[in-house]
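Thanks for coming. I have one structure to go through today, and I will take the aromatic rings, then the sheet, then one charged residue. Please have a look at it first.

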Amino acid sequence: MNSPKTKKVARKTAAKSKATKKKTSKKKTAKKKVSKKKTAKKKADKKADADEGARNAYSTSPGIGTSRSWFSRDAGASAWLWLALAVIAGDQWTKFLIVSSFDEFDSVTLLPMLDFMRLHNTGAAFSFLSDASGWQRWMFTGLGITVSVGIFVWLRRLPARGQHLLAAALALIMGGALGNVIDRMLWGHVIDFIRVHYQQWYFPTFNVADSAITVGAAFLILDSLIHREQTVDKT
């Protein structure tokens, strides 16, 4: 027969064993809860990333996007519109100075290869179609407005980051086109005044707007070449 002392020790041992099991069970339960929370958090993060990627792809796809993002002031690469406005302002300011200081065909030599000479161009950039009978005024006005509207839409559909060279190119072309459109609508001709020459060779007279269009076109070509190289490297 077990003595009372032995029974007492056995009860204490059983109680300790039960407490230990209970404690171990609580730890396992707590670990399971933590593990479940971590798993749920990872799933939620993955879902959030997937949703954000889907929203970005949706909003930047041509012809797709919510009306709120489209009409927001900073939609797409709209921040680059400041460059177009700067081109227009610079172009009109320089033309104002030339008109205020020169009569048509007046000139001043700045450098051996550079003159300022006021000329009225009824054609396109660099005097293209300047000898036409007058129909070109409205054709080039409509073309300039159409191109500018298309570029405006293009800029707002570009991602806000990652395509700075393309956005700058489009903004330069848009500013140059609108600078010359303003001239055609106000005066019926474009005011050119930058004249580059070498000995007896003369480059067609141009202005700030023409320069912006040329630089923008060069940026477009450069952006196309860069993206083509990146595509070749990936393949």
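Searching the whole structure, which is a predicted model, turns up four aromatic pairs. One of them is tryptophan 80 with tryptophan 82, a stacked pair with 6.3 Å centre to centre and 25 degrees between the planes. Tryptophan 82 counts as exposed, because its relative accessibility is 52% and the cut-off is over 50%. Another pair is tryptophan 201 with phenylalanine 203, and that one is tilted, at 6.0 Å centre to centre and 55 degrees between the planes. Tryptophan 201, at 48% relative accessibility, counts as partly exposed, and phenylalanine 203, at 32%, counts as partly exposed too. Trp201 and Phe203 join Phe206 in one aromatic cluster.

Now the sheet. It is open, with four strands in the order β1-β2-β3-β4 and antiparallel pairing. β1, residues 107-111, and β4, residues 201-202, are the edge strands; each has a single partner, so one side of each has no neighbour in the sheet. β4 is joined to β3, residues 190-198, by two bridges. Across that pairing, histidine 197 sits opposite tyrosine 202.

Which helix packs on the sheet, touching β2 and β3? Helix α3, residues 81-101, does, and its direction makes about 85 degrees with that of β3. Helix α5, residues 164-187, also lies across β2 and β3, at about 125 degrees to β3.

Last, the charged residue. Aspartate 223 belongs to helix α6, residues 208-234. Aspartate 223 is buried but has no salt bridge; arginine 228, the nearest side chain of opposite charge, is 11 Å away. Leaving out residues up to four places away in sequence, aspartate 223 touches Leu165 and Leu166.

Definitions and conventions:
Residues are numbered from 1 along each chain as its sequence is written. This is a predicted model: local features need pLDDT of at least 70, side-chain atom pairs count only at pLDDT 80 or more; totals for chains, interfaces and linings use all residues. Side-chain values use heavy atoms; hydrogens and water are left out. Two strands pair if DSSP finds at least two bridges between them. Contact means heavy atoms within 4.5 Å. Axes are lines fitted to C-alpha atoms, for helices over the stretch in contact, and angles run from 0 to 180 degrees between N-to-C directions. Buried means under 20% relative accessible area, exposed over 50%, partly exposed in between (1.4 Å probe, protein chains only). Lys and Arg count as positive and Asp and Glu as negative; His and the chain ends are not counted. A salt bridge is a side-chain nitrogen of Lys or Arg within 4 Å of a carboxyl oxygen of Asp or Glu. Rings of Phe, Tyr and Trp (its six-membered ring) pair if their centres lie within 6.5 Å; planes under 30 degrees apart count as stacked, over 60 as edge-to-face and the rest as tilted.
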